[in-house]
Amino acid sequence: MLDGIIRNTRVADGTGNPWFWGEIGIKDGQITHVAAPGSIDVEARETIDAQGHIVAPGFIDGHCHSDLMIMDYPDSNIKMQQGVTTEIVGNCGLAPAPFVPERGDLLREYITPVIGTTNKPWTWHSIGEYMDAVQSCSPAEHLATYVAHGALRIAVMGFDHRPPSPAELNEMKAILREGMEAGAIGLSIGLLYAPGSYADKTEIAELCRVVAEYGGLLSTHIRGEGRHLLASIDEVIWIAEQSGVTLHISHLKAAGKRSWGQVLDALERIEAARAGGMDVTCDVYPYHAGSTTLTTVLPPWILEGGLPATLEALQRPDIRQRLHEELAEEQDTWDNLVASTGWHSVVISALQTERNKELEGLSIADVAAKRGIHPVDAMIELLLEEQGKVTIVYYHMAESDVEQVIAYSRSLIASDSLHCETGKPHPRLYGTFPRILGTYVRERKLLTLEDAVRKMSAFPAARFRLGRRGLLVPGYAADLVVFNPDTVQDTATFEEPRQFPNGISHVFVNGRLALRHGQFQSVHAGSMLKAERRLQLHHTCGCC
């Protein structure tokens, strides 16, 4: 007796090979059969007739910020409706662990605008204890995490704008090693965000030597994605070359009108590194707008000391004057995307309080006009009124650049979705994966269906070393999605983002049916995944 059989279906097995007619057998959380139509001749507790549909491995969201959201919303219905069975968290140097109580307020202020908060008590200190806390919440999907450099630096150094001392660097290495031993997939850095922006490449390279010992991955939110894009890619390639770590560039893009078209140069740099023997890949989300915090518009120097110090500085007239001057033109040492894209492209997504709720969905230019002040002053006022916790949608990319990266063979798909209980979140939170299948496969034919499935399953499963997942192969985990290739489509828009997609009918997690005909079944079969460690292969001659 099998637990389930999916019959009369087209099988996209995750390899990128052409789909084929077949049926899938499931038992005890694993795939038991990938067979020709009608050839599974045993009974099953659940049989799904998937006529006209595709069965594929469950999708893996290669970059998101659900670190705390999963604790309050373990159903993960937003991602389940997209066919996502695994999320990768701890990205961009942002994570709730390691957690040092005496610097707890700094860490919370650092991550809240992106990751949000949780109603659950922070019972963890180490990365391993955080992973246990997630597991104790019985998630409906799987998660895997990085060790986040920003959180690591706060635990040891707070928001000090300086290089670490030898003792501090050794302490960071020890915490990083502990996280890798606990099963983290690597180290993530956010060189755009303070305090990550205070680290130079030698600090990162030294930490990455620890990651390389475990065969782990360096995931990079690079230092600049605008006029400093290429230099920033050169920086992380240098880090990987010096440390021997495997490199993954997060949400590759060219931000700001003056940088549009440079993704081709960025991809050429990646290819050149690969030709030289370096293992480099990237991920991409299928939208021409990003989402981040309003404080990222500010120059790095004003973020020193953490959010409380920044808010105090914003009240000083001399600081305001300096911001007016610096934000009016491009800068040599940091990416001023406002100078090239304009305040109309910076749209308020979510606010911390009810005081300014009517401003959600408006640009900073709109707010400035509404208040009769300069956009820089409007930004400053809003940050002070909301205690710095303002999330934005940033329209700073060219669709042609987005398509270039989606089509690139070494890119995988990720949502980069932020926690957002209120306001107007970026539609990628609700629509990323169906959008790939509907818009970029069926409508624009930028990808074949099979390659799109590969970019959302087998490729990320291998990249993040998630073990026997991401392929429809007997013995692999039965994380599956069934969808209609003719109707699958995102419906979330920037104006109305909280809308579930169409066309995803069934989702299995560890062999259990979590989504049936689009309805969540209150099944919590997910787990906190630990990265598999690569074994050193010893080649011998045939006689040995």
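## Helix 3 and what packs over it

Contact here means heavy atoms within 4.5 Å. With that in hand, welcome to this predicted model, and let us start at helix 3, which covers residues 104-115. Its buried residues are Gly104, Leu107, Tyr110, Ile111, Thr112, Pro113, Val114 and Ile115. Which elements cover them? Among them are helix 5 (149-157), strand 14 (290-293) and strand 16 (390-394).

The residue to look at just after helix 3 is Gly116, where phi is positive, at about 85°.

## The annotated domain

The UniProt record, an unreviewed entry, places the feature "domain: Amidohydrolase" at residues 46-513. An annotation of this kind may be inferred rather than shown by experiment. In the model, 38% of that stretch is helix and 15% is strand. The C-alpha atoms at the ends of the stretch are 9 Å apart.

## Strand 10 and its partners

Strand 10 runs over residues 186-190, and 5 of its 5 residues are buried, so the rest of the structure largely encloses this strand. Which strands does it pair with? One partner is strand 9 (residues 147-148), joined in the parallel sense over 2 bridges. Within that pairing, Ser188 of strand 10 has Ala148 opposite. Another partner is strand 11 (residues 217-221), also parallel, with 5 bridges. There, Ile189 has Thr220 of strand 11 as its bridge partner.

The path from strand 10 to strand 11 is worth tracing on your screen. Helix 7 (residues 201-213) joins these two strands in a β-α-β unit, and the unit is right-handed.

## Two buried residues in strands

Thr145 sits in strand 8, which spans residues 142-145. Its relative accessibility is 3%, so Thr145 counts as buried. What does Thr145 touch, leaving aside neighbours within four places in sequence? Its contacts are Val89, Gly90, Ile127, Tyr130, Met131, Ala184, Ile185 and Met528.

Now move to Leu515, in strand 20. Leu515 is buried, with a relative accessible area of 0%. Again leaving aside neighbours within four places in sequence, Leu515 is in contact with Asn77, Met80, Gln81, Ile504, Ser505, His506, Val507, Phe520 and Gln521. For a sense of scale, 36 Å separates the C-alpha atoms of Leu515 and Ile222, which are 293 residues apart along the chain.

## Salt bridges

Side chains of opposite charge can pair when their charged atoms come close. How many salt bridges are there in this model? The count is 33. One of them joins Glu46 and Arg516, whose closest N and O atoms are 2.5 Å apart. This pair connects distant parts of the chain, 470 residues apart: Glu46 lies in the loop between strand 3 (30-35) and strand 4 (47-49), while Arg516 belongs to strand 20 (residues 512-516). Glu46 is partly exposed, at 23% relative accessible area, and Arg516 is partly exposed too, at 30%.

Are the partners Glu87 and Lys79 buried or exposed? Glu87 is buried, with a relative accessible area of 2%, and Lys79 is buried as well, at 4%. Their side chains meet in a salt bridge with an N to O distance of 2.4 Å. Another salt bridge brings Arg444 and Glu399 together at 2.7 Å, N to O. Here too distant parts of the chain are linked, 45 residues apart, with Arg444 in the loop between helix 16 (428-443) and helix 17 (449-455), and Glu399 in helix 15 (residues 399-407). Arg444 is partly exposed at 39%, and Glu399 is partly exposed at 24%. Finally, Arg355, Arg371, Glu381 and Glu385 form a linked network of salt bridges.

## Cysteines

How many disulfides does the model contain? The count is 0. Why is Cys92 not bonded to Cys64? Cys64 holds the closest cysteine sulfur to that of Cys92, but the separation is 10 Å, which is too far for a bond because a disulfide needs the sulfur atoms within 2.5 Å. Cys92 is buried, with 3% relative accessibility.

Cys282 gives a similar account. The closest cysteine sulfur to that of Cys282 is in Cys92, 14 Å away, and this is too far for a bond. Cys282 is buried, with a relative accessible area of 0%.

Key
Residues numbered from 1 in each chain as written. Predicted model: local features only at pLDDT ≥ 70, side-chain atom pairs only at ≥ 80, totals over all residues. Heavy atoms only, no water. Buried < 20%, exposed > 50% of the residue type's maximum accessible area, 1.4 Å probe, protein only. Helix = DSSP H or I, 4+ residues; strand = E, 2+ residues; numbered from the N terminus. Pairing = 2+ DSSP bridges. Right-handed = clockwise from strand over helix to strand, strands pointing away. Salt bridge = Lys/Arg side-chain N within 4 Å of Asp/Glu carboxyl O.
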